[in-house]
Amino acid sequence: MAELLQFVFSGLTVGAIYALVALGFTLIYKASDIINFAQGEFVMLGGMTTVFVADAGVPLPLAALIAIIATTAIGLALHRFAIEPARGATSVALIMITIGASIFLRGTAQIVFDRRFHSLPPLLGADPIQFGGATILPQSLVVLASATVIVVVLWLFIERTILGKAVIATAANRLAARLIGVDTRRIVAFSFGMSAAIGAIAGVLITPIALTSYDAGTLLALKGFAAAMLGGIGSALGAVVGGILIGMSEALAAGYLSSNYKDAVAFLIILIVLVAIPQGLFGRAKIERV
Amino acid sequence: MVVAAAFVTMPWFFPSAYYYRVGALVFIFALAVAGLNLLMGFAGQVSLGHAGFLGIGAYSVAIGPAHLGVPSWLCLFAGAVLSAAVAFFVGRPILRLKGHYLAVATLGFGLLVAIVLTNEAGLTGGPDGMTVPRLSLFGWSVRGSDVWYWIAGTTFVGGFVLALNLMESPSGRALQAIHDSEIAALVLGIDVARKKLTIFIISAVYASVAGSYLALFNGHVTPDVAGFLRSIELVAMVVLGGMGSILGSLVGAGLLVVLPQALTIFHEYEQALLGLILIVFMIFLRRGIVPSIAAIISGWRK
């Protein structure tokens, strides 16, 4: 029982990070139909920048803030200089651009930072908490609490503010949104900035638990993308549930089966779910018009 | 015709064996890319896991001779048959998925292949990979980059002609109809599911043969051959060269094989430059190199 509790906790922690990455995918997809494969690099940039700014003598909270702002700026720049000039290109071409951006950011990070693994000191100290026979790292609680806050704030923002309503309008119908006066280009730019910020926060949160390095983004992007698809692309609820499900299945597979095959189990579950429910758990089936 | 002529005359300009090596790699990748292009460019189905088939082909010629004592050339065919069978069983359920859902399902498949290759160390040598015995035909051992240049080039030209003919056939036209609109194709009486499965199997066989060549040519194979980055590379070659242009497959493969070799002089800036070049190409030649240039030329003629 204690063992199960242990696995559930580590699954929840990793799952919360996947959920944040999946939310980033969902936000950009909603506003622009683009799958942004550079999403994992935002997470890496958040973690790496914090490490290096903190090493320069800046207090940790300030370093994290600087990292989040810098990553947001990079997200906005990605939209301005790579996505905006390619407006009207096919979705495959746009995906290739984001893949190019991910290679570019990874390559630049390895020059600006280095090729080693890095960690950060945990926010609430490193003494594990005993709970029902399981040991929990305080940082896990920080991850879970922060992820919950981000999801709630994002939901409030989308539902309760004018800018949030404009995002919903853009997602529902771009042309109609433009007709009622929504600047859809700004909304897309905003979604890139917002996704970058969420990614960077996820990076700051996870670095004390899992190490980070210049190439840490690839695997996170894969898992986040898979989580978004599992939940049904374009559904924020789906992104969160998908992320938690993948984190859980990984942790349980690593605990009870074999840690070598934990990724295999996660993707096997995705394959089975998609074959059974082709539009994902919370996605709506698209009706094709001829 | 032009491709065959270029393939035969190119070596006259090769100053060293190194160029044969790069040339052979270009043709090997172009073969896999041509197959993937049939699936993506003509049938409109995305696969983010095609390196999985590359891996099956590569490890067939590695495991067969080492553990079972089967000759390499026979393993190459066995690998192709195995890939076709895997494509059949995997393709049947997942080809019903559309767009990004198909992308993530194929991605999952590719990762599963890579994970199995990494972890079954007893059979595959694990993450370090294993050596691949040289190909020998009729008692003659195939070695040397120049010989591989001719083998890979000939196979690519063969695969190229086959792909072109396939696209001009009634089956090919049916596939292009599926690309434009699945429902319209269905209404026209095309068995959409079966046609998609057929092209998926064909593209898997192309990739498998290319994977076998790659392993035999390098004499060594690691699980990276089936990895996610390889799959992405194959898709990038298709899109960069031009979706739906088989000639584009050669151009895309050529660019992404030669470019990293050329960029090594920039040392650590290599990756950053590669990403930048990819972005710039996709912004300015968004339909891919060959179709975009063809459009510019036909614009001049008017």
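**Helix packing in chains A and B**

In this predicted model, α8(B) and α10(B) sit roughly perpendicular to each other. Their axes cross at roughly 110 degrees and come within 10 Å, and since 65 to 115 degrees is the range that counts as roughly perpendicular, the pair falls under that label. On the α8(B) side, the contact is made by B:S171, B:A174, B:L175 and B:I178; α10(B) answers with B:V192, B:K195, B:K196 and B:I199. Sorted by type, the residues of this contact come out as 5 nonpolar, 1 polar and 2 charged.

Now for α8(B) on its own. This helix spans residues 170–180 of chain B, and its buried residues are B:A174, B:L175 and B:I178. Looking down the helix axis, these buried residues fall within an arc of 100 degrees, so they line one face of α8(B). That fits the usual helix geometry: with 3.6 residues a turn, residues three or four places apart point the same way. Over on the other side of α8(B), B:P170, B:R173 and B:D180 are exposed. As for what covers the buried residues, the list includes α2 (17–42), α9 (182–187) and α10 (192–218) of chain B. B:A174, B:L175 and B:I178 also turn up in the contact with α10(B).

Chain A offers another helix pair to look at, α1 (residues 2–32) and α8 (residues 184–206). Here the packing angle is about 175 degrees, with the axes 9 Å apart. Angles over 145 degrees count as roughly antiparallel, and α1(A) and α8(A) are therefore roughly antiparallel to each other. From α1(A), the residues making the contact are A:I17, A:L20, A:V21, A:L23, A:G24, A:L27, A:I28, A:A31 and A:S32. Those from α8(A) include A:I187, A:V188, A:F192, A:M194, A:I198, A:A202, A:L205 and A:I206, with A:S191, A:S195 and A:G199 also among them. By type, the contact holds 15 nonpolar and 5 polar residues, and no charged ones.

Then there is the meeting of the two chains. In all, 38 residues of chain A are in contact with 33 residues of chain B. On the chain A side, α4 (91–112), α9 (217–231) and α11 (262–276) each supply at least two of the residues that touch chain B. Of the helices, α4(A) gives the most to this side, with 14 residues. The side of chain A that touches chain B divides into 29 nonpolar, 6 polar and 3 charged residues.

Methods
Residues are numbered from 1 along each chain as its sequence is written. Chains are lettered from A and ligands numbered from 1 in the order in which they are written. This is a predicted model: local features need pLDDT of at least 70, side-chain atom pairs count only at pLDDT 80 or more; totals for chains, interfaces and linings use all residues. A residue is buried if 20 or more other C-beta atoms lie within 10 Å of its own, exposed if 12 or fewer, and partly exposed in between; C-beta atoms are placed from the backbone. Helices (H or I, at least four residues) and strands (E, at least two) are DSSP runs, numbered from the N terminus. The arc is that of the directions from the helix axis to the C-beta atoms. Two residues are in contact if their C-beta atoms, placed from the backbone, lie within 7 Å. Axes are lines fitted to C-alpha atoms, for helices over the stretch in contact, and angles run from 0 to 180 degrees between N-to-C directions. Angles under 35 degrees count as roughly parallel, over 145 as roughly antiparallel, 65 to 115 as roughly perpendicular and the rest as oblique. Ala, Val, Leu, Ile, Met, Phe, Trp, Tyr, Cys and Pro count as nonpolar, Asp, Glu, Lys and Arg as charged, and the others, Gly among them, as polar.
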